[in-house]
Amino acid sequence: MKRLALVAVALFAVAACAKKDAAATDTTMAAPAAAATATDTAMKMMDSSKAMVDTAKSMMDSSKKLADSAKSAMMKKKP
């Protein structure tokens, strides 16, 4: 009986150790996902800043046209 108990305890210890090793999880996939999100966010920011620059350029063009038309209107009224 003592031998049977000793074998049972040994099997229990081996099973407990084996289960602990199998329970370890791999967390290396978290970093690439974060990098992909950061890259996506950066690309969106670049797109929005490009849109803002385009808007500013079009506003400058509009104001230049308005100034030119006002200047030509003033020149017509002088003579």
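This is a short dialogue on reading a salt bridge in a predicted model.

Q: What are the secondary-structure elements of the protein, and how many of each are there?

A: In this predicted model, the protein has 2 helices and 0 strands.

Q: How many salt bridges does a search of the whole structure find, and which residues form a salt bridge?

A: The general idea is that side chains of opposite charge can pair when their charged atoms come close. Here the search of the whole structure finds 1 salt bridge, and Asp 54 forms a salt bridge with Lys 50, with 3.4 Å between the closest N and O atoms.

Q: Where do Asp 54 and Lys 50 lie, and how far apart are they along the helix?

A: Both belong to helix α2, which covers residues 30–77, and because they are 4 residues apart there, about one helical turn separates Asp 54 from Lys 50.

Q: Is each partner buried or exposed?

A: Asp 54 has 38% relative accessibility, so Asp 54 counts as partly exposed, whereas Lys 50, at 52%, counts as exposed.

Q: What share of the protein's residues count as buried, and what supplies the exposed area?

A: Of its 79 residues, 0% count as buried, and the protein exposes about 7600 Å², of which carbon and sulfur atoms supply 72%.

Conventions:
Residues are numbered from 1 along each chain as its sequence is written. This is a predicted model: local features need pLDDT of at least 70, side-chain atom pairs count only at pLDDT 80 or more; totals for chains, interfaces and linings use all residues. Side-chain values use heavy atoms; hydrogens and water are left out. A salt bridge is a side-chain nitrogen of Lys or Arg within 4 Å of a carboxyl oxygen of Asp or Glu. Buried means under 20% relative accessible area, exposed over 50%, partly exposed in between (1.4 Å probe, protein chains only). Accessible areas come from the Shrake-Rupley method with a 1.4 Å probe; for residues, only the protein chains shown count as cover.
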